[in-house]
Amino acid sequence: KRRKAKSPKEILSIAVSAFVVVLCAISFVVTYQEQYGRFPTLQELFGQFGLSQQVVTDIPTEVLQEGTSVHFIDVGQADATLILSNGETCLIDAGDLDSSTALLQYLDGMGIKTLDYLVMTHPHADHIGSMDDVLENYSVEQVILPDFSLAPTPTSKIFQRVIDLIGQKQIPTVTAQAGQSYPLGNGELKILAEGVKTDNYNNLSPVIKFQQSDFSVLFTGDAEVEVEKQAL
């Protein structure tokens with residue numbers, strides 16, 4: 001059968017749509033380059049149009065069930081780190097406001113149903129932006145928070161939503177303080193230093209160490225020089 005030729009109106013509509021997409025892509029690239037000083041990756045560009053998808057690396061079943069793995073999840077210019085150890089789980093931070101799809105895809109891909117710990121290093125949006133979606137979609141056993149008494153009370157809507165959800169779900173919370181330790185699978189989370197008195201929320205970030213025999217990883221949120229000095 002002969003394919004029906006497109007009408008001039010259909011051709012014009014397709015051309016206009018393509019032109020708009022190209023303009024949006026150029027605008028995003030220019031804005032991104034001005035903000036971050038580099039061009040976005042293809043995944044970040046696709047993500048702008050809802051086309052990105054987290055690719056979960058194949059990890060042997062025995063490692064996921066009994067071993068330890070640390071996952072620095074790709075959430076663009078934001079932070080989200082997953083620790084798996086002998087079947088227990090800890091998520092440190094939860095990306096930005098637009099990280100939800102990528103973050104939840106990754107957690108689902110790893111078969112996550114419950115988080116033993118959810119850690120908020122500090123209340124900036126690029127660390128808690130999708131934390132409300134995490135709380136809505138997974139069972140959380142305990143939340144570890146920074147010491148908010150050291151800084152002015154955060155007033156952002158996303159922060160308030162996260163705190164409200166924690167309260168609604170009656171999830172136990174603890175304030176990170178130096179010397180605390182929390183068992184996690186084959187190892188433990190150790191709080192080496194809490195934040196410092198500040199009006200810069202970056203410096204609320206505690207210094208956290210995951211230790212398992214001769215393997216360890218240090219997590220510092222966005223802690224700056226003042227916290228580093230205290231930790232040392």
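**Close-up 1. The largest nonpolar core of this predicted model, with its 31 residues.** A nonpolar core here is a set of buried Ala, Val, Leu, Ile, Met, Phe, Trp, Tyr and Cys residues joined through side-chain atoms within 4.5 Å. Buried means under 20% relative accessible area, exposed means over 50%, and partly exposed is whatever falls in between (1.4 Å probe, protein chains only). I73, L82, L103 and V134 have the most contacts inside this core. At least two residues each come from β2, α4 (100–109), α6 (131–137), β7 (143–145) and α7 (157–168). Of these, α7 gives the most, with five residues. Helices (H or I, at least four residues) and strands (E, at least two) are DSSP runs, numbered from the N terminus.

Two notes go with every view. Residues are numbered from 1 along each chain as its sequence is written, and side-chain values use heavy atoms, with hydrogens and water left out. Since the model is predicted, local features need pLDDT of at least 70 and side-chain atom pairs count only at pLDDT 80 or more, while totals for chains, interfaces and linings use all residues.

**Close-up 2. V134 and its surroundings, plus a second core.** Skip the neighbours within four places in sequence, and V134 is in contact (heavy atoms within 4.5 Å) with L91, A94, L103, L104, L115 and L118. Another core, of 15 residues, lies apart from the largest one, and I144, L184, L189 and F210 are among its members.

**Close-up 3. The β9–β10 hairpin.** Strand β9 (residues 181–184) pairs with strand β10 (residues 187–193) in the antiparallel sense over four bridges; two strands pair if DSSP finds at least two bridges between them. Y182 has L189 in β10 as its bridge partner. Side chains alternate along β9: Y182 and L184 point to one face and are buried, while S181 and P183 point to the other and are not. Two residues sit between the strands, and G185 in the turn has a positive phi of about 60°. Look also for the salt bridge between the side chains of K190 and E188, at 3.6 Å, N to O. K190 is partly exposed at 29% relative accessible area, and E188 is partly exposed at 27%.

**Close-up 4. A salt-bridge network of D132, E136 and R161.** A salt bridge is a side-chain nitrogen of Lys or Arg within 4 Å of a carboxyl oxygen of Asp or Glu, and the structure holds three of them. D132 and R161 have their closest N and O atoms 3.0 Å apart. D132 belongs to helix α6 and R161 to helix α7, so this pair ties together parts 29 residues apart in sequence. E136 also meets R161, at 2.9 Å, N to O; E136 is in helix α6, and these two are 25 residues apart. D132 is buried at 9% relative accessibility, whereas R161 is partly exposed at 37% and E136 is partly exposed at 39%.

**Close-up 5. Two loop residues with positive phi, N86 and S213.** Most residues other than glycine have a negative phi. N86, in the loop between β2 (81–85) and β3 (88–92), has a phi near 50°. S213, in the loop between β11 (207–212) and β12 (215–219), has a phi of about 45°. N86 is partly exposed at 38% relative accessibility, while S213 is exposed at 62%.
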